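The following note is offered to a colleague who wishes to read the structure alongside its sequence. The points are numbered for ease of reference.

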Amino acid sequence: MFHNYIKIAIRNLLRQKAFSFINILGLAIGMASAMIILLWVQHTVSYDDFHKNKDRIYEVWNRVNMEGELRAWNYTPTVLSPTINSEAPEVEHATRFGWPYERLFAVGEKRLFAKGHIVDSNFLQIFTFPLLEGDIKTALNGPHSAVITKSFADKLFKNGQALGQTFLLDDKDYFTVTGVLKDIPANSQFDFEYLLPYSYEISKGNDYSYWGNLSLRTYVLLKPNASLASANNKLKDMRSRHDNSIPGWEMFLYPMNRWHLYSNFTNGVENGNGLISIVRMFTAVALVILLVACINFMNLSTARSERRFKEVGIRKVVGAKKSSLVGQFIGESILISLIAGVLAIIITILLLPAFNQLFNERISFDITNPVTILRMLGFILATGLLAGSYPSFFLSSFKPVKVLKGTFEKPRTLVTPRKVLVILQFAFATILIIGATIIRQQISFAFEREVGYKNVDLVYHSFTGDISKNFELIRRELLSSGAATAVIKTNSPITQVWSIGWGQEWQGKDPNDRTNFVRFSEDGGLAEAIGFQFIAGRDIDPKKFPTDSTAMIINESALKVMKFKDPIGQIVKDYGVEWRIVGVIRDFIIDSPFQPAKPMLISGPANSALFSALHMKMNPGRSMLANLEQAEKIFKKYNPNFPFTYKFVDEDYGHKFDQVKRFGTLVNIFTAFTIFISCLGLFGLAAYMAESRIKEIGVRKVLGSSVIGITALLSKDFLKLVIMSFVLAFPVAWWAMDRWLQGFSYRITLQWWVFVVAGLIVVLIAFITVSSLAIKAAIVDPAKSLRAE
């Protein structure tokens with residue numbers, strides 16, 4: 001019997017090649033789209049699952065009342081880790097994890113930059129990063145020991161033989177490789193090529209062991225069966241016990257399984273709006289695309305059901321039960337799903353490298369893995385059951401007496417399942433079109449926001465090697481050679497926030513004020529060089545005004561906080577220095593372009609130890625290539641052991657949009673797939689409609705109907721369904737996009753015309769799809785369509 005069902009299913013596929021092609025292609029594209037999205041989802045939700053002690057690993061977070069609300073963040077004092085180890089018996093290990101830092105590694109003539117972290121010696125005993133060579137318990141014990149990844153070892157040393165080898169770090173200190181790590185998995189939030197011991201920082205005198213220095217992260221591993229509540233109680237007031245300068249400061253442990261997907265807090269409480277919201281959204285998109293493809297299958301299968309009336313009637317007369325017929329038709333849909341699934345897997349394998357490149361991911365799809373095979377078979381089976389459920393029950397419900405007598409009539413009701421499915425299909429497509437449009441508008445809105453300075457021809461370079469020592473020589477030659485018109489030292493790139501702090505003092509300050517200020521430092525001339533817009537006062541200029549070493553510029557947002565009526569000449573105490581305000585500038589974007597500007601303090605060169613970068617305003621009167629070539633010669637002259645690694649400020653600023661642009665691109669791609677699948681199904685339905693009404697069309701033409709009239713007759717029923725889909729789509733799309741926009745402080749307002757335009761686009765696409773077939777049917781010679789009558 002099973003063999004007979006398979007034979008009949010294959011015959012039906014071959015007999016109706018065009019409809020079989022549409023069914024399989026639509027289902028394959030839908031399945032491939034869903035596979036790619038679900039692969040990304042699985043990759044994302046599995047981050048750091050490989051750590052054996054994941055359930056016992058936590059990160060320390062702070063929570064304190066600032067600016068009228070509870071703030072929570074995860075940068076902690078350098079002294080916290082050893083304090084936890086000594087005062088919290090529930091903790092097995094606590095480790096510091098420093099800011100990611102790019103350093104220069106030198107072995108002979110080979111010089112390579114690598115990104116990594118400073119950590120405590122027990123770091124590898126907390127996290128499961130297997131050592132291919134070395135001992136996790138001792139690898140980071142010495143101040144000049146180092147652990148590097150296997151791929152970096154292969155780059156740095158001949159034949160990858162790294163253990164026991166030495167290298168020169170940042171042209172200053174020699175280190176010995178005491179461990180070689182297996183490369184970090186792609187699904188990990190950790191991404192480094194080296195680890196250095198914190199004892200090295202201590203040996204260099206860089207251990208800023210006071211509670212106000214929040215410059216690194218702290219991770220802890222609880223002991224087996226230790227009480228989390230007890231550990232949290234120990235940690236809660238640990239800061240206050242050692243430093244009560246800010247009352248009410250709390251710390252708490254945040255579990256590892258929440259780091260990647262959540263880690264988003266409102267008023268001190270996790271709000272569930274982290275990456276998990278994107279995961280949920282794209283999971284919904286994957287299901288929608290798959291559902292649209294299944295709706296195609298359902299509609300085309302039921303539309304052509306009358307071709308199988310007699311087969312069903314005869315089977316029932318000879319004793320077939322409804323359950324066996326349902327099984328037969330479900331089996332046929334699973335067969336089609338299997339064919340489409342194989343095609344979908346091929347499409348996924350072909351498109352996944354492009355997806356990874358476009359979205360900067362490292363998602364793998366190992367089709368030889370038994371687990372992957374089982375998942376794919378389950379996915380194909382589920383799709384076949386979903387797609388074949390309605391058609392199988394619909395076909396098996398025919399009454400054999402009416403079918404065999406030829407008296408069976410298709411139901412003529414206002415609402416039919418097929419109409420509902422078409423409405424749902426185009427409602428989904430409309431929602432995605434609206435979503436893609438609003439995402440594009442939000443990106444453009446933020447991109448067109450005034451930056452607040454001129455970032456064209458502006459280049460920055462980090463302080464490496466001898467740049468700090470030879471800065472004045474470098475600046476003099478850059479200016480005299482004509483390569484640059486201005487060269488300024490700063491504490492960070494103008495596009496990045498490296499320092500945020502509170503506790504500043506000024507006249508008239510509210511004692512309860514805990515405003516967080518962005519801190520920026522320069523050695524003079526920055527405002528003039530890059531075009532800050534002054535509201536009051538002037539630029540910092542120590543050459544013209546020697547006392548400007550302690551000068552300060554504040555922005556509009558800082559002025560609103562400080563509430564000075566006349567800010568020029570006012571004193572602000574910070575870093576133990578009394579700074580004198582000499583200027584007020586308009587807010588400019590240094591952090592996210594989707595968020596409002598933060599209060600900002602720009603201090604003069606009195607705190608010279610903070611300088612870590614230099615900015616060059618390149619000469620606009622010469623070509624950029626000539627300027628950079630001249631600059632490289634100068635840097636090589638005064639910093640010979642380090643490469644000239646500059647970055648354009650406008651490109652760096654543009655990277656702030658990368659994540660949301662990728663998100664928008666992903667929505668655009670899958671919106672296009674959804675529309676294509678919907679139109680494919682509509683094309684199939686329209687083709688069947690034209691075929692089944694060919695004699696009616698012939699009669700109407702004989703009686704004088706025009707091509708336009710017949711086209712309108714054949715198209716209007718489909719267009720009514722498409723228009724009805726808007727009624728369903730508009731409120732859902734409005735709710736979804738309004739909720740998405742709430743994640744941006746600087747955002748657009750939803751406009752009604754976006755929804756209308758999206759609806760018109762869908763109508764136009766549907767009309768073109770249907771009318772092309774309707775016109776083709778309408779221009780057929782009636783003599784051909786009526787010759788058998």
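**Notes on the predicted model**

1. Arg475 has a relative accessibility of 11% and therefore counts as buried, the cut-off being under 20%. The structure is a predicted model, and the remarks here should be read accordingly. The side chain of Arg475 meets that of Asp523 in a salt bridge, with 3.0 Å from N to O. Arg475 belongs to helix H15, whereas Asp523 lies in the loop between strand S20 (517-521) and helix H16 (526-530), so the pair ties together parts that are 48 residues apart in sequence. Asp523 is likewise buried, because its relative accessible area is 11%.

2. A second pairing joins Asp170 to Arg103, where the closest N and O atoms are 3.0 Å apart. Asp170 is placed in the loop between strand S9 (166-169) and strand S10 (173-181), and Arg103 in strand S5 (residues 101-107); the salt bridge therefore ties together parts that are 67 residues apart in sequence. With a relative accessibility of 15%, Asp170 counts as buried. Arg103 is buried as well, at a relative accessible area of 10%.

3. Further charged pairs deserve inspection. The side chains of Asp243 and Arg239 form a salt bridge of 3.5 Å, N to O, and Arg239 is buried, with a relative accessible area of 3%. Glu87, Asp237 and Arg241 are linked in a network of salt bridges. The count of salt bridges comes to 28. As a general matter, side chains of opposite charge can pair when their charged atoms come close.

4. Which residues touch the most other members of the largest nonpolar core? They are Phe123, Phe127, Phe190, Ile494 and Phe532, in a core of 140 residues. The largest share of this core, 15 residues, is supplied by helix H2. A second, separate core has 22 residues, including Val60, Met66, Trp73 and Leu253. In soluble globular proteins, nonpolar side chains tend to be buried together.

5. The surroundings of Phe123 may be examined directly. Apart from its neighbours within four places in sequence, Phe123 is in contact with Thr95, Phe97, Phe129, Phe190, Phe192 and Leu195. Phe190 is thus a contact of Phe123, and Phe190 is also among the core residues that touch the most other members.

6. Helix H2 spans residues 17-45 and has 29 residues. The distance from its first C-alpha to its last is 41 Å, close to the 42 Å expected at 1.5 Å a residue. Of the 29 residues of H2, 22 are buried, so the helix is largely enclosed by the rest of the structure.

7. Gly465 offers a view of a loop, the one between strand S16 (458-462) and helix H15 (471-480). Is Gly465 buried, partly exposed or exposed? Its relative accessibility of 35% makes Gly465 partly exposed. Leaving aside its neighbours within four places in sequence, Gly465 is in contact with Asn639 and Phe642. The C-alpha atoms of Gly465 and Pro640 are separated by 8.6 Å, although these residues are 175 residues apart along the chain.

8. Finally, the chain as a whole. The protein chain contains 24 helices and 27 strands. Of its 789 residues, 49% count as buried. Among contacts between residues at least 6 apart in sequence, 78% join residues at least 24 apart. The accessible surface of the protein chain is about 37000 Å², with 58% belonging to carbon and sulfur atoms.

Key
Residues numbered from 1 in each chain as written. Predicted model: local features only at pLDDT ≥ 70, side-chain atom pairs only at ≥ 80, totals over all residues. Heavy atoms only, no water. Helix = DSSP H or I, 4+ residues; strand = E, 2+ residues; numbered from the N terminus. Expected span 1.5 Å × (residues − 1). Buried < 20%, exposed > 50% of the residue type's maximum accessible area, 1.4 Å probe, protein only. Core = buried A, V, L, I, M, F, W, Y, C linked by side-chain atoms within 4.5 Å. Contact = heavy atoms within 4.5 Å. Areas by Shrake-Rupley, 256 points an atom, 1.4 Å probe, with all protein chains shown as cover. Salt bridge = Lys/Arg side-chain N within 4 Å of Asp/Glu carboxyl O.
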